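Reader: I'm new to this one, so could you walk me through it? I'll ask, you answer.

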Amino acid sequence: MKKIIVINGPNMNLLGKREPEKYGTLTLDAICGEIAAKAEEWGAACEFFQSNSEGEIIGAVQNASDADGVILNAAAYTHYSIALRDAVAAIAAPVVEVHMSNVHAREDFRRNSVIAPVCKGSIAGFGAQSYILALYALLR
Ligand code: DQA
């Protein structure tokens, strides 16, 4: 069975309450539940990790090296963490960058992703479905 690691970065623990006009009203737990259900339907297993701390996220990426794929919503670290980019580049597993909002339609600073060049691909703008699309991409 394929193993997919889903990693969420800072403030994603506040989903449901956080800027619902941008991120919707589902909690992170509810979204993880939807991802887990789809993974089961598609014959895969997911593990979930969230942290507000850059170092912990880097540790989670390093630990995912032997997984079949990583779904990474690095949140604000996307836009400036070279250390996270280096961690993504260092591991064998393919990493799909995910954003719930369309980062290209927001502030200029969100248009730049320092992790995108070392990811397999990027999905943004589909709310919770961004994660499901990333899962589909990794499994197919
Ligand atoms: C986000 C977009 C980032 O720019 C922002 O800092 C987030 C969430 C998204 O999922 O749309 O925290 O990654």
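Reader: Which residues of α5 are buried?

Author: A quick note on what you see: this is a predicted model, where local features need pLDDT of at least 70 and side-chain atom pairs count only at pLDDT 80 or more, while totals for chains, interfaces and linings use all residues. Residues are numbered from 1 along each chain as its sequence is written, and side-chain values use heavy atoms, with hydrogens and water left out. Buried means under 20% relative accessible area, exposed over 50%, and partly exposed in between (1.4 Å probe, protein chains only); helices (H or I, at least four residues) and strands (E, at least two) are DSSP runs numbered from the N terminus. In α5, the buried residues are Ser 130, Tyr 131, Ile 132, Ala 134, Leu 135, Leu 138 and Leu 139.

Reader: And what covers the buried residues of α5?

Author: Several elements take part, and contact here means heavy atoms within 4.5 Å. The cover includes β1, α2, β2, β3, β4 and β5 (121-124).

Reader: Which element gives the largest share of the largest nonpolar core?

Author: A nonpolar core is a set of buried Ala, Val, Leu, Ile, Met, Phe, Trp, Tyr and Cys residues joined through side-chain atoms within 4.5 Å. The largest one has 25 residues, and Ile 35, Ile 71, Met 100, Tyr 131 and Leu 135 touch the most other members. Two or more residues each come from β1 (2-8), α2 (28-41), β2 (44-50), β4 (95-99) and α5 (129-139). The largest share, six residues, comes from α5.

Reader: Leu 135 came up there, so what is Leu 135 in contact with?

Author: Leu 135 is one of the buried residues of α5. Leave aside its neighbours within four places in sequence, and its contacts are Ile 4, Ile 35, Lys 38, Ala 39, Trp 42, Cys 46 and Ile 71.

Reader: How many residues does the other core have?

Author: That core lies apart from the largest one, and its members include Ala 64, Leu 72, Ile 91 and Ala 93. Its count is 21 residues.

Reader: Which side chain does Asn 8 join through a polar contact?

Author: Asn 8 sits in strand β1 and counts as buried because its relative accessibility is 2%. Not counting residues up to four places away in sequence, Asn 8 touches Leu 28, Phe 49, Gln 50, Ser 51, Asn 73 and Tyr 131. A polar contact is a pair of N or O atoms within 3.5 Å; within protein, one must be able to donate a hydrogen and the other to accept it, and residues adjacent in sequence count only if both atoms are side-chain atoms. At 2.6 Å, the side chain that Asn 8 joins this way is that of Tyr 131.

Reader: Now the ligand: how much of its area does the protein bury?

Author: Around the ligand, with heavy atoms within 4 Å of it, are Arg 18, Tyr 23, Asn 73, Ala 75, Ala 76, His 79, His 99, Met 100, Ser 101, Val 103 and Arg 110. An oxygen atom of the ligand is 2.8 Å from an N or O atom in the side chain of Arg 18, and a polar side-chain atom of Arg 110 also lies 2.8 Å from a ligand oxygen. Taken alone the ligand exposes 320 Å² (Shrake-Rupley method, 1.4 Å probe; for residues, only the protein chains shown count as cover). The share that the protein buries is 99%.

Reader: What is the phi of Ala 75, one of the residues around the ligand?

Author: Most residues other than glycine have a negative phi. Ala 75 lies in the loop between β3 (69-73) and α4 (82-90), and it counts as buried because its relative accessibility is 11%. Its phi is positive, near 50°.

Reader: Asn 11 has a positive phi too, so is Asn 11 buried, partly exposed or exposed?

Author: Asn 11 lies in the loop between β1 and α1 (20-23), with a phi of about 75°. Its relative accessibility is 35%, so Asn 11 counts as partly exposed.

Reader: Last one: is Val 114 buried or exposed?

Author: Val 114 is in the loop between β4 and β5. Beyond its neighbours within four places in sequence, its contacts are Tyr 77, Thr 78, His 79, Tyr 80, Ser 81, Ile 82 and Arg 85. With a relative accessible area of 12%, Val 114 is buried.
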